[in-house]
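Me: I would like to go through this model and ask what stands behind each label. Please set each value against its criterion.

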Amino acid sequence: MSWILFIALAVLTLGGGLGVVATRNVVHAALALLLSLLAVAGIYLILFAEFLAIVQVLIYGGAITIVLLFAIMLTRTAEYPRITDNRQWPLAAVASVATLAVLAGSFWTKAAVDTQPHNPALTDLANSLFTRWAIPFEIASLVLLVALIGAIIIARESEEGT
Amino acid sequence: MSLPIPLLSVSLITFFWIVAGLLAMFTALSVVVLSLTWLERKLLGRLQRRLGPTRTGPMGLMQPVADALKLILKEDIVPTSSEKAIFWIAPVLVVVPAFMIWVTIPGTENLVLKNLGDLGLFYIIAFSVVGILGLVLAGWGSANKYGTLGGLRAAAQLISYEIPVIMVVIAVAMLAQSLNMVEIVEKQGSYPYVLVFPLGLVIFFIAGLAEVGRTPFDIYFAESEIVGGPFVEYSGAHWSVFFLAEYINTFAVAALTVLLFLGGWSGPFLTGNWEIIWFLAKVYAVILVIFWIRGTFPRLRIDQLMAFAWKVMVPLSFYAIIITAVYLFYGWPPWTLTLMSLAGLLVVGYAIYRRFAGPASQAAQVRARYQALQSRSGQ
């Protein structure tokens, strides 16, 4: 039963990912991304990571996709030619193949451990996040802050340039 | 399969009960929506010195049924230039999360479809965000200027007001030391949180109104500016789906206000599942306040709305978290938290009053400038 669900969710995830790169319409690509991200939430759910699944829906399914759509609609997508020819594609290909190689390599050298379904309580999660992993957590929020300020500065510069 | 997975190996009987429960929830929510439309028409009528519906049935009680029939029989127009797939999927994306959050909202301690335990409140917050997506897509998919504008406004407004809602919910979870809806209500056994944390109630209620787009905040489908926003091209059954979602969400905001601040189903005289009468009575009281606000307040402008979110609501919600943390950390008596929240409310309320009604208000400045001009032209 869980195999069937996993295969269905995997097909949805990969199909969504393919849709993102294959479709010529940016909004459709954003929708395909949404499908893919929600299917990943489903995969978390069959792995008993319920908290992670809900976070996935909240952050990626909700906030990120909405901001993406907001940005797409604010820019005049109709003025862009509907092409998918992106000059950065070799770089993207290298990056994705490298990621695949790392993942496959780690599976090759170290057989996947037969993990038990384990659903940590919310309090355990919070304790380890804010005590043992507090510094990585704070660094992550710092990265987000830097990204935010950087976005504002880039937007300001292009505004002054025109 | 060697690994027994209890989540997925549900027996047929359990499956039947899940389906039956979902159907019961769907029916109950539909009845609630019908009652809300009737109540809103009647109350708004009274507020505007009208009678409201009177002709259909006794006291116009059949009016919602007539409305529903009319909506279903109406022609369902799909604009030719619209994105068909997105146009179809948008109402579904709005209504499905609206129903999904009701799975874990408890009516009484046992009257809940599926108590998600420690994830309950978090689940509700997560899925209420997904609905925004449907509004944005509805606006864009209908290939209409007003629709797109409305969708953009919806995204901007709803994401902005999401922050105070989440912050206040976190503060309440800190007070109750739990994210479990049932536990939060049980922790309010001796006193409801509105008594110790009135600031939280005010922020949650205002931001909640903005989240469901009730009237002072209905800027994203403001009829007088953008003629219905994302819904401008929708008609008939498709439009009624949005309508359904809006009323279910309004009801959900009222129910969450009751559960988080007004003590949920706890009340005297009733025990067991009969306590749902208290719950419903409180929820409908909150709903009446929502309709009352709709009948009396004018709509805000979009810049006022965003300024209010980022300059008032967000700082105030941070203040709410800080005072809750201080109160919990030092273990002060509950009345200190009441004092601190009332102080925050008073300061902000006085600042707003000074801005809009006090002697330093913009209106007074304009009047002074006008008088100065008059006296100069008189010379």
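Reply: Start with contacts: two residues are in contact if their C-beta atoms, placed from the backbone, lie within 7 Å. The model is a predicted one. In chain A, among contacts between residues at least 6 apart in sequence, 51% join residues at least 24 apart.

Me: What makes up chain A, from the N terminus on?

Reply: The order of elements is α-α-α-α-α-α. That is six helices and zero strands. Of the 162 residues of chain A, 14% count as buried.

Me: How many residues does each chain bring to the contact between chains A and B?

Reply: Chain B brings 23 residues and chain A brings 21. On the side of chain B, helix 4 (120-141) and helix 5 (145-176) each supply at least two residues. Helix 4 of chain B gives the most, with 11 residues. By type, the chain B side divides into 19 nonpolar, three polar and one charged.

Me: Why is helix 8 of chain B called oblique to helix 13 of chain B?

Reply: The axes of helix 8 (residues 198-212) and helix 13 (residues 334-356) of chain B cross at roughly 45° and come within 7 Å. Angles under 35 degrees count as roughly parallel, and 65 to 115 as roughly perpendicular. The crossing angle of roughly 45° fits neither class, so helix 8 of chain B is oblique to helix 13 of chain B.

Me: Which residues make that contact?

Reply: Helix 8 of chain B uses Pro198(B), Leu199(B), Gly200(B) and Val202(B), while helix 13 of chain B uses Thr338(B), Ser341(B), Leu342(B), Gly344(B) and Leu345(B). They divide into five nonpolar, four polar and no charged.

Me: Which residues touch the most other members of the largest nonpolar core?

Reply: Val136(B) and Ile203(B), in a core of 123 residues. Not counting residues up to four places away in sequence, Val136(B) touches Ile66(A), Leu69(A), Phe70(A), Gly151(B), Ala154(B) and Ala155(B).

Me: How do you know that the length of helix 10 of chain B agrees with its number of residues?

Reply: Helix 10 (residues 236-261) of chain B has 26 residues, which at 1.5 Å a residue should span 38 Å. Its end C-alpha atoms are 38 Å apart, so the two values agree.

Me: Why is helix 10 of chain B said to be largely enclosed?

Reply: Because 21 of its 26 residues are buried, helix 10 of chain B is largely enclosed by the rest of the structure. A residue is buried if 20 or more other C-beta atoms lie within 10 Å of its own. Helix 10 of chain B is followed by Gly263(B), with a positive phi near 85°.

How values were computed
Residues numbered from 1 in each chain as written. Chains lettered and ligands numbered in written order. Predicted model: local features only at pLDDT ≥ 70, side-chain atom pairs only at ≥ 80, totals over all residues. Helix = DSSP H or I, 4+ residues; strand = E, 2+ residues; numbered from the N terminus. Buried ≥ 20, exposed ≤ 12 C-beta atoms within 10 Å, placed from the backbone. Nonpolar A, V, L, I, M, F, W, Y, C, P; charged D, E, K, R; others polar. Axes fitted to C-alpha atoms, helices over the stretch in contact; angles between N-to-C directions. Parallel < 35°, antiparallel > 145°, perpendicular 65-115°, else oblique. Core = buried A, V, L, I, M, F, W, Y, C linked by C-beta atoms within 7 Å. Expected span 1.5 Å × (residues − 1).
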